[in-house]
Protein chains: 4
Amino acid sequence: MIFGESHGPAIGVVLEGLPSGVALDLEQIAFEMNRRAPGKNAMSTARRESDCPQILSGLYKGKTTGTPLCAVIANENAHSGDYKALKDLPRPGHADYSGRMRYQGCNDPRGGGHFSGRLTAPLVFAGAVAKQILARHQISVGAHILRLGEGQDVSFVTRTEELTPALFAALASMPVPSTQETELMEQSILAAKAQGDSIGGVIECAVLGLPAGIGSPDFGQNVEGVFASHMFAIPAVKGISFGAGEVCANMMGSAYNDPFVFEHGTIKTKTNWNGGVNGGITNGMPVVFSVTMRPTPSIAKTQQTVDLQTGLETSLEIRGRHDPCVVQRAVPVVEAAAALAVCQLLEGVIRL
Amino acid sequence: MIFGESHGPAIGVVLEGLPSGVALDLEQIAFEMNRRAPGKNAMSTARRESDCPQILSGLYKGKTTGTPLCAVIANENAHSGDYKALKDLPRPGHADYSGRMRYQGCNDPRGGGHFSGRLTAPLVFAGAVAKQILARHQISVGAHILRLGEGQDVSFVTRTEELTPALFAALASMPVPSTQETELMEQSILAAKAQGDSIGGVIECAVLGLPAGIGSPDFGQNVEGVFASHMFAIPAVKGISFGAGEVCANMMGSAYNDPFVFEHGTIKTKTNWNGGVNGGITNGMPVVFSVTMRPTPSIAKTQQTVDLQTGLETSLEIRGRHDPCVVQRAVPVVEAAAALAVCQLLEGVIRL
Amino acid sequence: MIFGESHGPAIGVVLEGLPSGVALDLEQIAFEMNRRAPGKNAMSTARRESDCPQILSGLYKGKTTGTPLCAVIANENAHSGDYKALKDLPRPGHADYSGRMRYQGCNDPRGGGHFSGRLTAPLVFAGAVAKQILARHQISVGAHILRLGEGQDVSFVTRTEELTPALFAALASMPVPSTQETELMEQSILAAKAQGDSIGGVIECAVLGLPAGIGSPDFGQNVEGVFASHMFAIPAVKGISFGAGEVCANMMGSAYNDPFVFEHGTIKTKTNWNGGVNGGITNGMPVVFSVTMRPTPSIAKTQQTVDLQTGLETSLEIRGRHDPCVVQRAVPVVEAAAALAVCQLLEGVIRL
Amino acid sequence: MIFGESHGPAIGVVLEGLPSGVALDLEQIAFEMNRRAPGKNAMSTARRESDCPQILSGLYKGKTTGTPLCAVIANENAHSGDYKALKDLPRPGHADYSGRMRYQGCNDPRGGGHFSGRLTAPLVFAGAVAKQILARHQISVGAHILRLGEGQDVSFVTRTEELTPALFAALASMPVPSTQETELMEQSILAAKAQGDSIGGVIECAVLGLPAGIGSPDFGQNVEGVFASHMFAIPAVKGISFGAGEVCANMMGSAYNDPFVFEHGTIKTKTNWNGGVNGGITNGMPVVFSVTMRPTPSIAKTQQTVDLQTGLETSLEIRGRHDPCVVQRAVPVVEAAAALAVCQLLEGVIRL
């Protein structure tokens, strides 16, 4: 359960149902949080966040106790003044208007408040803890940028053999292995930035080590639904698809059905177009899915909106520090949400 | 909560949390169930189902009581013999293997058992009840085939003005308004059938009448996540995206952000690329999303699999009656799941 | 999830989350249901119920599949005429008035509708299935009448050594071992009946075989809270207490604290005043609790009420067939609810 | 969701689902927290807690935003040294042993850790917020000590006319109105203290203003079950009963059934033995229930236990600062848990 507002005293998360006795590697957690942190280069927002989480409960002598673990991250370096002018001018693509209706105008508008992408910091913290729990069961999670502007990477669906924890570790430092494609992506971002605009992209994620037989065809327990409900809690995610993705609508059944084979005594499928899930249940292959991220809503260009006070149409320019693209920073966020989804799926199946 | 197996005594559903005093239009429910029913033309399976639901509880003098409503549909016309040979040969693309692992080999294999597409019949029943409840709040749900083989329809995202309950009623009888596109789709299905193969497609769905301010950015309550978790409970759904869909990854923020305008005194957006949802909360525009359906797994062509008894790779041919495409029959199923998702979102917000 | 109304077509239950491959002993289920059944002697209502449940799903070749199991019991032998006159005269102690307010007058009033004690039949069915699942883990549940009118039995709290599955089996046939106390109870019931009145009582229940370490101090997961929420779903239950029960309020800490001892190499407590639970978590001793049951609300005596049509105070006489005491029939119901509570507590801890 | 350990950095709570725009009266919250605070007189533990909660999120300009509200209370004045010697000697009546089994020995043992009564401080905070929300709907919650040692108060069940928010306010300062009974209670506490022993008691609580028709007979939603599951999350609560309580087992139906009457045009019951609940649903009368609290487990007397290291039986003396009775401090805790239970019951019925 994540709480906090961008410019309030602190943001944080409470994790319930953790196993007891997991020695947390705090450096690894810091590494994950740093992957998400902004301000690392010209492509990101200038806002710097130290994002050092303080663990208030649930940890004793370096190990999880099994009771609720609460971590908080103090808010610093917030320029609330940047946002004040916009109080009655809902920004297109933002949750200003829908949030105002939802919270009856009482939500904290500063810096996006509870809608801020900053809330993904405690999510990454939670995911980093979840990953360490899953690692004890030989389950690992990795993601990369599949498409961003002109650049694209090779899909995990066609790289079953290569998917290993080592690959995931390498991708954590460099989310697109090909220098050439990385450059194409960077150029696309910089081109958008130069125009005062923004772009989105597609992140692909895989989970290794999930045994066959996890999940259910039924509502609320099926693998795809559980992953999806976690992914849509990430701001800017507008779509999710498994395995071959939207392409599957154009494939024939004979091409799409993954043939079963024996490999080293275990049952596998020759291809993985289904993304490791049949009938809402894992089949033992890597679970692979991709999420579509919309372009960042905050852009420098003048946009059309309405003045909620006067009832007149008007235009606005958003000042402040913003990312022309958040896809590269969202990679560890997708991994974090995926790790939490896996924990939910395994609850009641194995004692984590 | 849906229960049943394809060839067991009956399938059914229990609906909890219904409002009291809703006079159910049983003919309308029958109409919805008939939309889903197979056997209507050459493109569908030859299996005929009467699918007449018997309501066991929760209805008194034609009105909902507010206590749990249980409806059961007896299973008839089942040819269990068709499936026996396949016990140890998992069919590619099916849940035979993943289900065997999940249920330790104890699930009913006949006719797909609990995985059968037949389980969508009680889902459509539940959705038909939900639609009647939503209609009392001026909320309506409609869907159409967006793409199927060579044919495609115009997206709801670009047709905000035309979206009305009347359009939805028309689409219920004819899920693609253009005769030409319908023919292209039918030809695509028949071509797949002729080859002993199958195809998938994309269904687009819209919800009208949802006020702005429903949902939350938080996990478990955000609009997109709630719709997604309902959609993935439909067999063969492999992806979902909102508004512009996957295309948004390639749009610039300035094009994707929907500008706010005043129209007849209410706030709307000029475009609806966000699909009626900002920050996990409705913005008052139609909620529009599309789901990607994989090609039907059952095909006549010979496929490669393994024999779980002997441990040898082998091939299989699936006999029996199967649909070369289920997209056309899935349209009311998507609507039903959407109606249930809306009910979940409104729980605790308005007293239905 | 239990559904149905006393005089509707059927009542029933859907069980979700069952393990796969449990061979159900249908005779044992019938035995449990017969324990609850009315009409067995002069002390019970004359209404006879065959109560033969039909399993519609989730069972294949005599074993649970692991998918939702639905059982329905057809309603027969209902005399709806008995209840018609009371439509606007809420019966004191009954849910006529509160239910009318809850369901806006739309609930089925015949025979108590959804409030009928008859709804405990599917609960006993569910509990009988749960008991068979728990038996595979050496967990057993038993109950007896602790107090009823002038009669009383020895508390389980002081009989730790004697508590065995064999004792529970004996109690299932004879819920008070002492003939003398049984006679006192029967006389109390018959005395109430002779006066056109009713009486309540106290049922005590124990669960054997639960390992130490189940539960949590936290809301929603603590052992006492989970048992309590199941018990209050039984009509007529108005109180629950663990171990020594209300008496503990008058005990000194030095007497109430259960001292730890080693016995055959395992840790036990010398006494069991805490009822096997410390801090919301099992301590390995038998979990013992007692539930207080109010006197049956339906009595023959004239009672005071109001006429909801005319707005006048009036009196009423309830005709029809009613139990002067339901405590003896409620014993298997308490066991059933306890078995379901244990299943909920073990979910996610061991794979049942 | 409450988190924290007695001697960790902080304890706290996250409240989800709050309405937007509730102006929180922080002084009233401090008043409630002070009612629970220890160290006020000779009868309580010498440990002083400032217990000043810091609100980290969910509050903006003094009003709730509607997003999750997190409050933390820093831990101070903790003497961890007091507890070290007891690591392997489980204290009778405490959760030392059951907690060790539950959390595999990894839970924080200092000061009771997550089991500490100190965790009731954030519960009282949460309840104080809930009370302010309920007050906007004319719902109020009050409690008193019904029995403690030799002293007892008059039951709320027989004082329907007197129950008012004003009475509750008076009881908040003086939980037993009669000076004579208060003295009897204090003498009982001091007598226990003089013997190095402890005593328990019974707290009775009432909720005013709940309309008729809230709740359900069904598991998980019935009024009694919801209150019970909240009450058992309070340490030391071992029983709960509604209305007349355990006495009802000995009443005849004709005495126990509450007759309906008209009073000032509204329907009431003449008596309130059912405690305001019929069939799991409120009937519009005050909801009244009492909880039984066991004697405080920490006593100065030598007790028998086992040494988990050596496997030998031994004895122990608990040093440190402890309450000979927590009943007086638990009164606001019971009110807090009741207020949260009411919020849960109203969720989805009225928009708080």
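What follows looks at the symmetry, cysteines and salt bridges of a predicted model.

Start with the symmetry. A turn of 180° with a shift of 0.0 Å along the axis lays chain A on chain C, with an RMSD of 0.0 Å. The two copies are thus related as by a two-fold rotation axis. Within chain A, the residue that comes closest to this axis is A:Gly348, its C-alpha lying at 1.5 Å. As for how the copies meet, 100% of the interface residues of chain A are also interface residues in chain C, so the contact runs through the same surface.

On to the cysteines, where the count of disulfides over all chains is zero. For C:Cys248, the closest cysteine sulfur belongs to D:Cys325 and sits 12 Å away, too far for a bond. D:Cys106 is in no disulfide either, with the sulfur of A:Cys343 as its nearest, 17 Å off. C:Cys248 is buried at 0% relative accessibility, and D:Cys106 also counts as buried, at 16%.

Salt bridges are another story: a search of the whole structure turns up 50 over all chains. One of them pairs B:Asp88 with B:Arg100, with 3.3 Å between the closest N and O atoms. Here B:Asp88 comes from the loop between β6 and α2 of chain B, while B:Arg100 sits in helix α2, 12 residues apart. B:Asp88 is buried at 14% relative accessible area, whereas B:Arg100 is partly exposed at 28%.

Another bridge, D:Lys238 to C:Glu224, has an N to O distance of 2.8 Å. This pair crosses between chains, from strand β10 of chain D to helix α6 of chain C, and both D:Lys238 and C:Glu224 are buried.

Notes. Residues numbered from 1 in each chain as written. Chains lettered and ligands numbered in written order. Predicted model: local features only at pLDDT ≥ 70, side-chain atom pairs only at ≥ 80, totals over all residues. Heavy atoms only, no water. Least-squares fit on C-alpha atoms with pLDDT ≥ 70 in both. Contact = heavy atoms within 4.5 Å. Disulfide = S-S within 2.5 Å. Buried < 20%, exposed > 50% of the residue type's maximum accessible area, 1.4 Å probe, protein only. Salt bridge = Lys/Arg side-chain N within 4 Å of Asp/Glu carboxyl O. Helix = DSSP H or I, 4+ residues; strand = E, 2+ residues; numbered from the N terminus.
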